[in-house]
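Hello,

Here is the structure I promised to pass on to you. Please have a look at it first, and then read on for what turned up in it.

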Amino acid sequence: MSAYNPVTPDDIRALVRIVGPAHVVWKDAEKLEACSHDETPDRRWAHMPEAVVRPRSADEIADVLKLANRRRIPVTPRGAGSGLSGSAVPLHGGIVLHLDRMNRILEVDRENMVVVVEPGVVTNEINEALRPAGLFYPGYPMSLESCHIGGNVAMNAGGAKAVKYGVTGRYVLGLDVVTPSGEVVQLGGKRVKDVTGYDLIQLMVGSEGTLGVFTRITLRLLPLPRASADLLCAFRSVAEAVRAVPRMMTRGAVIPAAIEFMDRDALRAAAEYLNEPPAAPDAEAVLLVTVEGASVEAVERDYDALGREVLAAGAIEVFVADNRATSERVWRLRRNVSEALSLLSRNQSNEDIVVPVAEIPRLVEGVQALSRKWGLFMPCFGHAGDGNMHVRIVMDPAWTMERWNTALPEVLKELYLLTAALGGTISGEHGIGHKRKAYVPLVLSEAHLNLMRAVKRALDPHNILNPGKKFDL
Ligand SMILES: Cc1cc2nc3c(=O)[nH]c(=O)nc-3n(C[C@H](O)[C@H](O)[C@H](O)COP(=O)(O)OP(=O)(O)OC[C@H]3O[C@@H](n4cnc5c(N)ncnc54)[C@H](O)[C@@H]3O)c2cc1C
C-alpha cells in the first residue's frame, strides 16, 4: 500500500484557490507527460505526476506544501527539467511544483557585487543582465541556455569553469526556502561572511529538491574578466591528453578557467551532429583549455605557459582561438557532445564520475579497459580539469534488451568501484535522483547515510518532498 494519498477533486479545488485555475494541470495526459521525465535518455526512469501546479510566489508555494503535508501528497519541485539523474521525476506521482513562472531577476546590486533572482530564471539570462555592470556569475553549467538557477542550486551544478571558479554552491550567499511543512525561512543574505548558525544554505545546496523549495536566491558575483582565449590542443593518444591535465596546473603554474576533454568518438559525434568537418581529424583526443584574466597581456602569458606544457606532454597541435567567433566554434562542439551522443541510442547510460584530478589518467585507462571487457562503446568527455568525467555506456545494437538490462547494473557497479578505488565518487554534478540511488551505499558508509536520513526526517517528517531520491529512508 502506498504511503501517500492520491490527488482528489477536492485537492484540485484547493490548489486552484491557491494558484488560480490557469496554473493547475489535471487529467491532461500530454501536459502531465511533459513533467514526467527529465533529460535522462532512458524513459524507464520517468513517472507521471497526478497534477502540475505553477505558483508565482513563496506564499503560494507555502500554501501548496501545507496542503500536501496535511494530505500526505508527494510534491516534486521542477525547474527546466534538464537534469540527468531523474531528480525532477515525480517518482510517487502527486504534485509537480513547476517553478517556471518565478522567473524575475529582482536586483543587480553592483556595490555589493550580488544579484538576487527567482528560481525560474534561465541561467544564461543572469550573465546577460550582468554584463553592462561589468560583473559575472561563474557557476553556470553547460546547459545554461535551458536550465534554471533554482535547479542549479538544487543540484549544486558545476560547469566547465569549475576548475578555476568552483561550483554553484560557492556563489550562493542567500536563499529563501519554503520547508516541506510550509514555513518560509530566509537563510543568509548579501553578507560574504556569516557564522551565526549552522550553514543551512550549504545543506540546501545539492539537496535535489528533497529538503526545501527555493524561492529567492542571492548570488555572489565577480568582476567580468577583460580578456580570454581558448586553446584547442590535439593529442595522438588519450593517455597523453589526460596526463597533460594535472601537468598544466602544476608545472605551468596557471589555473585555466576550463580544461575540457573529448575523446575522438565524442568529438566526431559533435562535429557530425553540427554538420561540421572534424576539428582535429588526426587526434585521438583533444583538450579545450580556456584562460581568462584582467588583460590581454596576462592572458597571452598564461596561454604561452600552458601551450608549452601541453606540447611537452605530447600535443601534436595547439590552435589558439582568441576572438569570439573562433572561440564559439570550438565551444559549440563541446556544448553539443552530450546531445550528439544521446542520439546514438535510446539505450545508454550517461555517467558523471569524479576523481581527484591527478587520478584522471588512471580513470580513463580503467574506463577503456571496461569498454574492452564488456565490448561496449563507452565514449568519454567532460570537465577533466576538475576530475569530472562523463562516460556514456551505449548498448551494442546487436544485444537483446534482456542482455543489456542484465549487464548494465554490473558495468555500472564496476565503473563506480573503479572510481571509488581512485578516491572518487559516483556523481560530480548530475546528482543521484533515483537513477543512481541503488549505488550510493558503494561510496557512502551506513553512518553517513544515517546522518542524511536524520536530516531528512527532521525537515520532512512525512517524507512528502521529492520522496525516493538520493537515498532510501
Ligand atoms: C546538454 C546538457 C548539458 C548539461 N551540462 C551540465 C553541466 O555542465 N553541469 C551540470 O552540473 N549539469 C549539467 N546538466 C544537467 C542539468 O542541466 C543540471 O543538473 C541543472 O542544474 C538542472 O537544472 P533544471 O532547472 O533543469 O532542474 P530540474 O532538472 O528541473 O531539477 C533538478 C532538481 O532540482 C530540484 N529543483 C528545481 N528547482 C528547485 C527549486 N526552486 N527549489 C528546490 N528544488 C528545486 C528538482 O526537484 C530536482 O531535484 C546538463 C544537462 C544537459 C541536458
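Let me start with one pair of residues: Pro 77 stands opposite Leu 97 in E4. Please keep in mind throughout that this is a predicted model.

That pair belongs to strands E3 and E4 (residues 95–98), which pair in the parallel sense over four bridges. They are part of an open sheet of four strands, ordered E1-E2-E4-E3, in which the pairing is mixed. Strand E1 (24–26) and strand E3 (75–78) are at the edges with a single partner strand each, so one side of each has no neighbour in the sheet. From one strand to the next, the twist averages 20 degrees. Helix H1 (residues 9–19) packs on this sheet, where it touches E1, strand E2 (51–53) and E4. The direction of H1 makes about 160 degrees with that of E1.

Pro 77 also turns up at the ligand. There are 34 residues around the ligand, and Pro 77, Gly 81, Ser 82, Ser 143 and Gly 158 come nearest. Some polar contacts with oxygen atoms of the ligand are worth a look:

- His 148: a backbone N or O atom lies 2.9 Å from an oxygen atom of the ligand.
- Gly 151: a backbone N or O atom is 3.4 Å from an oxygen atom of the ligand.
- Asn 152: here a polar side-chain atom lies 2.9 Å from an oxygen atom of the ligand.

Now to another sheet. This one is open, has five strands in the order E5-E6-E10-E8-E9, and its pairing is antiparallel. Its edges are strand E5 (105–109) and strand E9 (184–188); each has a single partner strand, so one side of each is left without a neighbour in the sheet. On average, neighbouring strands of this sheet are turned by 10 degrees against each other, direction ignored. Within the sheet, strand E8 (residues 172–178) and strand E10 (residues 213–220) run antiparallel and are joined by six bridges. Gly 174 stands opposite Thr 218 in E10. Helix H4 (residues 123–130) packs on the sheet and touches E5, strand E6 (114–117) and E10, with its direction at about 40 degrees to that of E5.

Last, a pair of helices. How do H9 and H11 cross? The axes of helix H9 (residues 264–273) and helix H11 (residues 324–342) come within 8 Å and cross at roughly 90 degrees, which means that H9 is roughly perpendicular to H11. Residues in the contact include Leu 267 and Tyr 273 of H9, and Leu 333 and Val 337 of H11. By class, the contact has ten nonpolar, one polar and one charged residues.

Enjoy exploring!

Conventions: Residues are numbered from 1 along each chain as its sequence is written. This is a predicted model: local features need pLDDT of at least 70, side-chain atom pairs count only at pLDDT 80 or more; totals for chains, interfaces and linings use all residues. Side-chain values use heavy atoms; hydrogens and water are left out. Two strands pair if DSSP finds at least two bridges between them. Helices (H or I, at least four residues) and strands (E, at least two) are DSSP runs, numbered from the N terminus. Axes are lines fitted to C-alpha atoms, for helices over the stretch in contact, and angles run from 0 to 180 degrees between N-to-C directions. Contact means heavy atoms within 4.5 Å. Angles under 35 degrees count as roughly parallel, over 145 as roughly antiparallel, 65 to 115 as roughly perpendicular and the rest as oblique. Ala, Val, Leu, Ile, Met, Phe, Trp, Tyr, Cys and Pro count as nonpolar, Asp, Glu, Lys and Arg as charged, and the others, Gly among them, as polar. A residue is near a molecule or strand if one of its heavy atoms lies within 4 Å of it. A polar contact is a pair of N or O atoms within 3.5 Å; within protein, one must be able to donate a hydrogen and the other to accept it, and residues adjacent in sequence count only if both atoms are side-chain atoms.
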